[in-house]
Amino acid sequence: PRRALAVLVGCVALFAVAPVAAAQAAASIEGTVTAVKGGANLKGIEVTASSEHGGGSGSATTEVGGKYKITGVSAGEYKVRFNDPTAKYVAQSKTIFLTEGTTNTLNAAMQEPGTISGRVTSAATGSGLGNVQIRVYGLTGTGEEGERSATTNANGEYTLADLPPSEYVVSFYSFEGSYVPQSTTTTVGEGAVDTVN
């Protein structure tokens, strides 16, 4: 009887402590998502928080007023990604460290993508050069720019769209190897078309 009573008391104690421990470990993230251009609050933006060390994840979608809240995540470092399913705004990621039992604020201001386009010509003849590869990569190191590439058409024209506003290196390579490679830097503005010939 004494052993049975001890086991029963132990189980009751575990059930009593477990909710308290869970409540202490829980954290949440909330904030507002706006547009850089015009400052409007953005509804329908998908917000996903993923633990950098395998501690779980959570997600939410912004409501009217651009507000979101992700609850029930554990403490630790998280990468939070803001994505517009309509592709009107460029996705972005931020890192945040969550502490136990707290509500952490993380806002985001989203930008419309820009474009780099132009024409590649022969310096000797001025004629357009087809089949030239263009590569661009961002200089800010945020990880959102990545490396993009395109190839000129028969008239030497190319376009690289959906670029996060940033400073870029633009490089030109001839597949045939008959032209010297060139590189230059340019800045892509929000919703703007930047011409690089």
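## Overall make-up

The protein chain contains one helix and 15 strands. The model is predicted. Of the 197 residues in the protein chain, 36% are buried. Among contacts between residues at least 6 apart in sequence, 57% join residues at least 24 apart.

## The largest nonpolar core

The largest nonpolar core has 21 residues, and the members that touch the most others are Ile29, Val33, Tyr68, Val80 and Phe82. Two or more residues come from each of strand E1 (27–35), strand E2 (46–51), strand E4 (67–73), strand E5 (76–83), strand E6 (92–98) and strand E8 (108–110). The most is given by E1, with four residues.

What does isoleucine 29 contact, once its neighbours within four places in sequence are left aside? The list is Ala49, Tyr68, Lys69, Ile70, Val80, Ile96, Leu98, Asn104 and Leu106. Two of these, Tyr68 and Val80, are also among the core members that touch the most others.

A second core is separate and has 15 residues, including Val136, Ala150, Leu160 and Val196.

## Aromatic pairs

How many aromatic pairs does a search of the whole structure find? There are two. In general, such a pair is described by the distance of the ring centres and the angle of the planes.

One pair is made by tyrosine 68 and phenylalanine 82, which are edge-to-face, with 5.9 Å centre to centre and 80° between the planes. Tyrosine 68 belongs to strand E4 and phenylalanine 82 to strand E5, so this pair ties together parts that are 14 residues apart in sequence. Buried means under 20% relative accessible area. Tyrosine 68 counts as buried because its relative accessibility is 5%, and phenylalanine 82 counts as buried because its relative accessibility is 0%.

The other pair joins tyrosine 158 and phenylalanine 172, also edge-to-face, at 6.1 Å centre to centre and 75° between the planes. Tyrosine 158 lies in strand E12 and phenylalanine 172 in strand E13 (residues 166–174), so here too the linked parts are 14 residues apart in sequence. Tyrosine 158 is buried, with a relative accessible area of 4%. Phenylalanine 172 is buried as well, with a relative accessible area of 11%.

## A sheet of three strands

Strand E12, which holds tyrosine 158, is part of an open sheet of three strands in the order E12-E9-E15, with mixed pairing. Which are the edge strands? They are strand E12 (157–163) and strand E15 (193–195), each of which pairs on one side only. Direction ignored, neighbouring strands of this sheet are turned by 20° against each other on average.

In general, strands of a sheet pair through backbone hydrogen bonds, either parallel or antiparallel. Strand E9 (residues 114–119) and E12 run antiparallel and are joined by five bridges. Within this pairing, glycine 118 stands opposite tyrosine 158 in E12.

Serine 117 is also in strand E9. Is serine 117 buried or exposed? It counts as buried because its relative accessibility is 15%, which is under the 20% limit. Not counting residues up to four places away in sequence, serine 117 touches Tyr158, Thr159, Val193, Asp194, Thr195 and Val196. Among these contacts, Val196 is also a member of the second core.

## A charge over a ring

Arginine 135 has its charged end over the ring of tyrosine 173, at 4.9 Å from the ring centre.

Key. Residues are numbered from 1 along each chain as its sequence is written. This is a predicted model: local features need pLDDT of at least 70, side-chain atom pairs count only at pLDDT 80 or more; totals for chains, interfaces and linings use all residues. Side-chain values use heavy atoms; hydrogens and water are left out. Two strands pair if DSSP finds at least two bridges between them. Axes are lines fitted to C-alpha atoms, for helices over the stretch in contact, and angles run from 0 to 180 degrees between N-to-C directions. A nonpolar core is a set of buried Ala, Val, Leu, Ile, Met, Phe, Trp, Tyr and Cys residues joined through side-chain atoms within 4.5 Å. Buried means under 20% relative accessible area, exposed over 50%, partly exposed in between (1.4 Å probe, protein chains only). Contact means heavy atoms within 4.5 Å. Rings of Phe, Tyr and Trp (its six-membered ring) pair if their centres lie within 6.5 Å; planes under 30 degrees apart count as stacked, over 60 as edge-to-face and the rest as tilted. A charge sits over a ring if NZ of Lys or CZ of Arg is within 6 Å of the ring centre and within 35 degrees of the ring normal.
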